Amino acid sequence: MWIKVLNQAPKEGTMSPIVVQGRKLFVTQNAGKLYCAENRCPHEDIELTLGCLKGNRVVCSLHGFSFDLASGESSDSDVDNMQTYHVKQENNEIHIEL
């Protein structure tokens with residue numbers, strides 16, 4: 001099911017936190033591509049939007065673990081992967097699939 005979450009894409013290189021059906025997520029635009037993921041580090045439960053984007057990864061501000069925006073893959077094999085969601089833009093509006 002696709003759900004509208006934003007009226008427009010976030011600015012390049014920024015993360016927009018959102019809450020959808022009780023889930024804390026974020027949407028980002030990186031290198032012209034949109035991504036959506038759970039706004040929670042699987043390691044220590046801190047919001048990933050407190051961190052930063054580095055290349056195609058989001059870096060957690062607490063311990064520096066990073067996660068691939070496309071696949072959610074963790075930089076450390078001992079840390080769970082980040083949950084990602086499909087995202088699309090239609091008529092400037094941003095929709096995610098849950």
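I take two strands to be paired if DSSP finds at least two bridges between them. With that in hand I opened the model, which is a predicted one, and looked up strand S5 against strand S6 (residues 57–59), where I found antiparallel pairing over three bridges.

Next I followed the register between these two strands and noted that cysteine 52 stands opposite valine 59 in S6.

I then asked in which order the strands of this sheet lie, and I read S5-S6-S7, an open sheet of three strands with antiparallel pairing. Strand S5 (52–54) and strand S7 (66–68) are its edge strands, each of which pairs on one side only. From one strand to the next I recorded a twist that averages 30 degrees.

My second entry concerns threonine 28, which I located in strand S3 (residues 23–30). Is threonine 28 buried or exposed? I list threonine 28 as buried because its relative accessible area is 0%, and the cut-off for that word is under 20%.

I also looked up which residues surround threonine 28, leaving aside its neighbours within four places in sequence, and found contacts with Pro10, Thr14, Met15, Lys33, Leu34, Tyr35, Leu53 and Leu69. Two of these partners I followed further. For threonine 14, I noted that its backbone oxygen lies 2.7 Å from a polar atom of the side chain of threonine 28. For leucine 53, which is 25 residues from threonine 28 along the chain, I noted a separation of 9.2 Å between the two C-alpha atoms.

Methods: Residues are numbered from 1 along each chain as its sequence is written. This is a predicted model: local features need pLDDT of at least 70, side-chain atom pairs count only at pLDDT 80 or more; totals for chains, interfaces and linings use all residues. Side-chain values use heavy atoms; hydrogens and water are left out. Helices (H or I, at least four residues) and strands (E, at least two) are DSSP runs, numbered from the N terminus. Axes are lines fitted to C-alpha atoms, for helices over the stretch in contact, and angles run from 0 to 180 degrees between N-to-C directions. Buried means under 20% relative accessible area, exposed over 50%, partly exposed in between (1.4 Å probe, protein chains only). Contact means heavy atoms within 4.5 Å. A polar contact is a pair of N or O atoms within 3.5 Å; within protein, one must be able to donate a hydrogen and the other to accept it, and residues adjacent in sequence count only if both atoms are side-chain atoms.
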